[in-house]
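Hi,

Here's the structure I said I'd pass along. Have a look at it first, and my notes on what turned up are underneath.

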Amino acid sequence: METKLRPYLVSLAALTLCTLSLFGQRQRPRQYDYPATLDTEGKHVNAHGGSIFRHGDQWLWYGEARPERGFTSVGVALYTAPATADMSQPQTVAWQNRGLVMSVVDEAGSPIERGCIIERPKVLWNESDKQFVMLFHLELKGRGYDAAMTGFATSKTAEGPFVLHHAQRPNAGKWPTDFTEADIAHAKTLKINDFKEWWTAPWRKAIAEGLFLWRDFEAGQMSRDMTVFTDDDGTAWHIFSSEDNLTIHAAELTSDYLGYTGRYYRIAPGGQNEAPTIVKHNGTYWLLCSGCTGWDPNEARLFSSKSIAGPWTQHPSPCQGRGAKRTYGAQGTWMLNYGNGILFMADVWNPRSLANSRHLWLPLTFDTVGNPIVTGPNQ
Ligand code: GAL
């Protein structure tokens, strides 16, 4: 009996493996099936997790320059287009490769030593200092995603080179601005060792009440996926996934954009959101994030508020149509308000070759009651 069963089981296992890998193969390429974004030399644009903004007579597109293979960074790339380019059709724009504006270095011990990870670079023009300031998610060489820091770099010209100013974790020694004395007193009683198991109801409650805030209080708060936002009143905000990717923080930047004022707010504590992108429309801030599934796409999460300070309300994903449940295979990086419209810019990650990750840019419009809508690419 046993000998008769064995070949049957072996072929059943082989069939299952085969089916699984067939499915895997059928699903995966579909996810990456978007066309390349070609630069003026006909090469796919190697700028990911980035942002686009207009400065003077140019559109500036900064993004992660990634290797063909592997996960560490090469640096930050710049592509430009004339300000006259039609940004409602960004993939038809002739993007010119301006090379690396910041490169990883070979100096041992530098925060951006080769082997580090630089993600989601965002650049702001600082009018009073007449310089560009770049903020980016930085992971130190050989430490995986443990360091969870923010890097700051500056340049007098758009084309760089950007020079690393410093790297830090935000808001060491600061409580969220809206934490009351009672909130602080309670958070200080929360101890990591009292929660051996994650994802339980008491653990989630403790996260919302500041378990990880308190854990990281002295060292500074973790900062991973991130964006930046300059408000109408000139204040600039760094918005990032903190507390082990469980809670988004919106932290005000100092007027030189090179540090934090200490004023900060938490958004959806314990909600596990990342890849934040933000746009302000008719006085409402709309924050569009993803869930936390690494390079794999998931359903977008939408929040709104009348103030960065909150309160924030969660809404259903604005994505509609085929593929909406997985944000069409993409994960957001930036909201480009180009004057005549808004583009939701997203990355279709290809972890087998990050350099070849695709760009998916979709119009974000508003329905008759003022809620955002993103219509998919295949409608
Ligand atoms: C994603 C994140 C990316 C990158 C990746 C690494 O969730 O949005 O920027 O950090 O994880 O696995």
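**Ligand site and a four-stranded sheet**

Before anything else, keep in mind that this is a predicted model.

I started with the ligand. Its surroundings are made up of E119, R120, Y145, D225, E274, G294, W295 and Q331. Sorted by character, that shell has 4 charged residues, 2 polar ones and 2 nonpolar ones.

Which residues come up as polar partners for the ligand's oxygen atoms? R120 is one of them, with a side-chain N or O atom 2.9 Å from a ligand oxygen. Q331 also uses its side chain, where an N or O atom sits 3.0 Å from an oxygen of the ligand. With G294 the backbone does the job: one of its N or O atoms is 3.1 Å from a ligand oxygen. As for burial, the ligand on its own has 310 Å² of accessible area, and the protein covers 88% of that.

The other thing I looked at is a sheet. It is an open one with 4 strands, running β5-β6-β7-β8 with antiparallel pairing. The edges are β5 (117–126) and β8 (163–168); each has a single partner strand, so one side of each has no neighbour in the sheet. On average, neighbouring strands here are turned by 25° against each other, ignoring direction.

Inside the sheet, β6 (residues 131–139) pairs with β7 (residues 149–155) over 7 bridges, in the antiparallel sense. If you want a spot to zoom in on, try L135, which stands opposite F152 in β7.

Cheers

Definitions and conventions
Residues numbered from 1 in each chain as written. Predicted model: local features only at pLDDT ≥ 70, side-chain atom pairs only at ≥ 80, totals over all residues. Heavy atoms only, no water. Near = heavy atom within 4 Å. Polar contact = N/O pair within 3.5 Å; in protein donor to acceptor, adjacent residues only side chain to side chain. Areas by Shrake-Rupley, 256 points an atom, 1.4 Å probe, with all protein chains shown as cover. Nonpolar A, V, L, I, M, F, W, Y, C, P; charged D, E, K, R; others polar. Pairing = 2+ DSSP bridges. Helix = DSSP H or I, 4+ residues; strand = E, 2+ residues; numbered from the N terminus. Axes fitted to C-alpha atoms, helices over the stretch in contact; angles between N-to-C directions.
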